[in-house]
Amino acid sequence: MYYIQLNGQIIAYEKSGFGPCPLLLLHGNGEDHHIYDELVKVVDPQKFTIYAIDSRGQGGSAEARDLHYLNMALDVSRFITSLELENVLLVGFSDGGIIALILASLHPDMAGGLICCGANRTPKGLTRKALHEIKSAYKKDHSPLTAMMLKEPNLLDRDLQRIPAPVLVLAGENDLIRKEETEAIAKALPKGEMEILPGETHDSYVVHSEKLLPYINRIYKEIVNTGAFQSEIHSIDLDNVEDIEGIF
């Protein structure tokens, strides 16, 4: 486990792989980077350097006084600049998807591509059943993480329209996000593409699953086709460990 101080916050993350494309994995509400353990095992380490981050106040990261999607997005943007990453492929699930969209809207030049799984623009994008369950949970736990889902995010179409990168917007057929919400997000994005996954729930294709791999490879190809990583790819000598470790 690695630790880095960002915006007065200690953020924990795991790093693996040595490829030219930075792949940032962002988890959902109340979770940590371990939801991606199975996915990380099958991602090609020669294509990607993988950063699986624990959002502030969750997992191995320090407790946080301020828990808002904007703060979390600013943490990730500071992470990217601190490590001097470029053409990042962001994969975000639920809260992580919201964070990825906010980040890409605030900093359109940071992301080479996004995969946004089960995200919503506002709490109204949740199904009635999901909202009821979250409200009931908040009455019991009074958790600021739970409260955040009831009050945030507040993304507007004009925010999404600022994102120039290709964005794959995914949701399960039986998701707790309204299908109309997923459609609206994809429609607002200049390069948005939507897929509703048959038979899947909100988290079944993400949490402890390898099913995101083909989508990651697909967006990776789109980023490579823009000319990104060409100098890094040509300069890597896979028989020389020092060259590999020196990419980032």
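Okay, so helix H5: its buried residues pack against H2, helix H3 and helix H4. For your viewers, H3 is 95-106 and H4 is 128-141, while H5 itself covers residues 144-151. And keep in mind this is a predicted model.

Which residues of H5 are buried? That would be Leu145, Thr146, Ala147, Met148 and Met149. While you're at that end of the helix, look at Ser143. At the start of H5, one of its side-chain oxygens comes to within 3.1 Å of the backbone nitrogen of Leu145.

Right, on to the empty space. Rolling a probe the size of a water molecule over the atoms shows where empty space is left. Let's take the open spaces, then the closed one.

The largest pocket comes out at about 350 Å³. H3, H4 and H5 are the elements that put two or more residues each into its lining. So much for the helices; what about individual residues? There are 24 in that lining, and the ones nearest the centre of the pocket are Ser94, Ile134, Met149, Leu176 and His202. Met149 you've met already, as one of the buried residues of H5. Which element gives the largest share of this lining? H4 does, with five residues. As for chemistry, the largest pocket is lined by eleven nonpolar, seven polar and six charged residues.

Now the second largest pocket, with about 190 Å³ of space. Here H2 and H3 each supply at least two lining residues, and H3 gives the most, with three. If you want to select the lining, it's Tyr69, Leu70, Ile102, Ser105, Leu106, Glu152, Pro153, Asn154, Leu155, Asp159 and Arg162. By class, that splits into six nonpolar, two polar and three charged residues.

Last bit: closed space. How many cavities of 30 Å³ or more does the count give? One. The volume of the largest cavity is about 40 Å³. Around it you'll find Ile11, Leu26, Ile53, Asp54, Ser55, Arg56, Met72, Asp75 and Val76. Helix H2, residues 69-82, gives the most to that lining, with three residues. The class count for the cavity is five nonpolar, one polar and three charged.

So, if you follow H2 through the model, you'll see H2 packed against by the buried residues of H5, supplying at least two residues to the lining of the second largest pocket, and giving the most to the lining of the largest cavity. That's what I've got, so over to you.

Technical notes
Residues are numbered from 1 along each chain as its sequence is written. This is a predicted model: local features need pLDDT of at least 70, side-chain atom pairs count only at pLDDT 80 or more; totals for chains, interfaces and linings use all residues. Side-chain values use heavy atoms; hydrogens and water are left out. On a 1 Å grid over the protein atoms alone, a cavity is a set of points where a 1.4 Å probe fits but cannot get out, and a pocket is an open set with protein on both sides within 12 Å along at least five of seven lines; lining residues have an atom within 4 Å of a point. Grid points are joined across faces, edges and corners, and a volume is the space filled by probe spheres set on the points. Helices (H or I, at least four residues) and strands (E, at least two) are DSSP runs, numbered from the N terminus. Ala, Val, Leu, Ile, Met, Phe, Trp, Tyr, Cys and Pro count as nonpolar, Asp, Glu, Lys and Arg as charged, and the others, Gly among them, as polar. Buried means under 20% relative accessible area, exposed over 50%, partly exposed in between (1.4 Å probe, protein chains only). Contact means heavy atoms within 4.5 Å. A polar contact is a pair of N or O atoms within 3.5 Å; within protein, one must be able to donate a hydrogen and the other to accept it, and residues adjacent in sequence count only if both atoms are side-chain atoms.
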